[in-house]
Amino acid sequence: MNPGAGPRAGDRPDDPTGVAYEQALAAQGRAPGQATADGQAPEDGQAQPYDPLKLCVYATVALLAWLFGAWAVLAFAVLGVAGYWRARRAGLTRSKCYLRDTRLVLAYLGLVALAAAAALVLPHLPR
């Protein structure tokens, strides 16, 4: 070990030329030049085209809701409540959801689940 030597190039995680940088990318599950999970350009400056995956997901969810009606709405609402409940217990208090606060998201998804359950049960009740 050379006590007078400073850090070498590539020893810092923010240095896009070194082993530490590649190890940090590997820890995130990315390769150099690959876009981040939120679609942002990678740190090495190579711009990636925007992938409108969310639009495909929205269309698929809408198709399932159209095909299966209230059953699909109930299933997605219950999955959402379970996911946000688990995330909240793990410490998530702010979401990327439009409602932001996870308590509001849980309340919204709970109301959606109740509405779907009512749509399934009410037609079968005697009048």
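Accessible areas here come from the Shrake-Rupley method with a 1.4 Å probe. I started with the surface of this predicted model. The protein exposes about 10000 Å². Carbon and sulfur atoms supply 65% of that area.

**Entry 1: overall layout**

I looked up the secondary structure next. The protein has four helices and zero strands. From the N terminus on, the order is α-α-α-α. I then checked burial. Of the 127 residues, 18% count as buried. I also looked at contacts between residues at least 6 apart in sequence. Of these, 24% join residues at least 24 apart.

**Entry 2: helix H3**

I asked what span helix H3 should have at 1.5 Å a residue. H3 covers residues 70–89, which makes 20 residues. The expected span is 1.5 Å times one less than the number of residues, so H3 should span 28 Å. Its end C-alpha atoms are 28 Å apart, which agrees.

Which residues of H3 are buried? I found Ala72, Leu74, Ala77 and Gly80. These buried residues pack against helix H2 (53–68) and helix H4 (102–121). After H3 comes Gly91. I noted that the phi of Gly91 is positive, near 115 degrees.

**Entry 3: a nonpolar patch**

I went back to the surface and found a nonpolar patch of about 680 Å². Leu53, Leu55, Val57, Tyr58, Val61, Phe76 and Leu79 make this patch. H2 and H3 are the elements that give two or more residues to it. Which element gives the largest share? H2 does, with five residues.

I picked out Val57, which lies in helix H2. Is Val57 buried or exposed? Neither: its relative accessibility is 41%. Buried means under 20% and exposed means over 50%, so Val57 counts as partly exposed.

**Entry 4: Ser95**

I moved on to the loop between H3 and H4, where Ser95 lies. Ser95 has a relative accessible area of 10%. The cut-off for buried is under 20%, so Ser95 is buried.

What does the side chain of Ser95 reach? I found the backbone nitrogen of Cys97 at 2.9 Å. A polar contact of 2.7 Å also joins the side chains of Ser95 and Tyr84. I then listed what Ser95 touches, not counting residues up to four places away in sequence. The list is Tyr84, Arg100 and Thr102. Tyr84 thus turns up in both look-ups, as a residue touched by Ser95 and as its partner in the 2.7 Å polar contact.

Terms used. Residues numbered from 1 in each chain as written. Predicted model: local features only at pLDDT ≥ 70, side-chain atom pairs only at ≥ 80, totals over all residues. Heavy atoms only, no water. Buried < 20%, exposed > 50% of the residue type's maximum accessible area, 1.4 Å probe, protein only. Contact = heavy atoms within 4.5 Å. Patch = residues over 30% accessible without salt bridge, like charges linked within 9 Å, V, L, I, M, F, W, Y side chains within 5 Å. Salt bridge = Lys/Arg side-chain N within 4 Å of Asp/Glu carboxyl O. Polar contact = N/O pair within 3.5 Å; in protein donor to acceptor, adjacent residues only side chain to side chain.
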